[in-house]
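Student: Could you take me through one part of this structure slowly? I'd like a close look at the largest nonpolar core, and then a quick tour of what else is there.

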Amino acid sequence: MNQPIGAAVPKDFLLAVEALTVSFDGFKAVNDLSLYVDENEIRVIIGPNGAGKTTVLDLICGRTKPTSGSIRFAGEELTTRREYEIVRAGVGRKFQNPSIYEDLTVFENLELSFPRGRDVFGALFFKRDGEVKSRVEEVAGMIFLKDHLGVQAGILSHGQKQWLEIGMLLIQSPRLLMLDEPVAGMSVAERVKTAELLHTIIRNQSVIVIEHDMKFVEDIATRVTVLHQGRVLSEGSMERVKNDPKVIEVYLGH
Ligand SMILES: Nc1ncnc2c1ncn2[C@@H]1O[C@H](COP(=O)(O)OP(=O)(O)OP(=O)(O)O)[C@@H](O)[C@H]1O
């Protein structure tokens, strides 16, 4: 049957979070939340402390299980999946503090994160050296560390360590990257380059960023979701959200 003109056509989002709730001892940290992220989108989540931002990412990556609701990613339900299955489905998560191997070089950190397959008997098989090397170099170029491949990760600047960790996710080619305050502690120049990096990433992937730095949010966001008390308080362009009286009252006015 033909769709009547003007009828809502269901759209396939990369990520569709619907009616998501999680209670901790009766306290709803996330409360009936719905959120939809497109392919090739940067979505920024902002909101006051305790709004539920980190908990939303914990729910998407399977670290926390919801009390109710659904999270569909590329058409698959994630709420019944284990954390490693969600990673394999294509969701990469970076936490606030970089977790890199400080004693290893940039090259080795990236190489170790390269996804290793398993053969039909379940044994690990390793990709040919050349394939790994060219992928490591490609990702190092994206994260501005191509000239630092032989450098020990421990002596990188804070910002470079953050980029390296993003690179360690990128090398696994996730379809969705989730970043928790990626520019915290970065210099102004590093923030500008991080915005550039995110714009490169979304040519092929989608990104969710939790951020407090409003200048950075303005630089990267096409759509912003404001959380408050576990719910969506406002959503839309930065322009719209920053002029929303509700948002000014609970967040931006402080
Ligand atoms: N495992 C948990 N057990 C109990 N309460 C929790 C748990 N995780 C989070 N909370 C509570 O849920 C609320 C939301 O926390 P969350 O860390 O998601 O907020 P946030 O928006 O990320 O805040 P911030 O900007 O400070 O990082 C807080 O009140 C927090 O104390």
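Tutor: Here's a walk through the core, followed by the sheet and the ligand shell. Keep in mind that this is a predicted model.

Let's start with the core. It has 66 residues, and the members that touch the most other members are V44, I60, L164 and M178. Helix 5, which covers residues 158–170, supplies the largest share of this core, with 6 residues. The core isn't confined to one domain, either: at least three of its residues come from domain 1 (11–90 + 174–254), and at least three from domain 2 (102–173).

Now zoom in on L164. Leaving out residues up to four places away in sequence, L164 touches I100, V106, N109, I143, L145, A153 and L156.

Next, the sheet. Four strands make an open, antiparallel sheet, and their order is 2-1-4-5. Strand 2 (27–37) and strand 5 (76–77) sit at the edges, so to speak, each pairing on one side only. Strands of a sheet pair through backbone hydrogen bonds. Look at strand 1 (residues 15–24): 7 bridges join it to strand 2, and the two run antiparallel. Along this pair, you'll find S23 opposite K28 of strand 2.

Finally, the ligand. Its surroundings include F24, A29 and G47, along with K53, T54 and T55. Helix 1 (residues 53–60) gives the most to that shell, with 3 residues. Sorted by class, the shell has 6 polar residues, 3 nonpolar and 1 charged.

Methods. Residues are numbered from 1 along each chain as its sequence is written. This is a predicted model: local features need pLDDT of at least 70, side-chain atom pairs count only at pLDDT 80 or more; totals for chains, interfaces and linings use all residues. A residue is near a molecule or strand if its C-beta atom, placed from the backbone, lies within 6 Å of it. Ala, Val, Leu, Ile, Met, Phe, Trp, Tyr, Cys and Pro count as nonpolar, Asp, Glu, Lys and Arg as charged, and the others, Gly among them, as polar. A nonpolar core is a set of buried Ala, Val, Leu, Ile, Met, Phe, Trp, Tyr and Cys residues joined through C-beta atoms within 7 Å. A residue is buried if 20 or more other C-beta atoms lie within 10 Å of its own, exposed if 12 or fewer, and partly exposed in between; C-beta atoms are placed from the backbone. Domain bounds come from an automatic or database domain assignment. Two residues are in contact if their C-beta atoms, placed from the backbone, lie within 7 Å. Two strands pair if DSSP finds at least two bridges between them.
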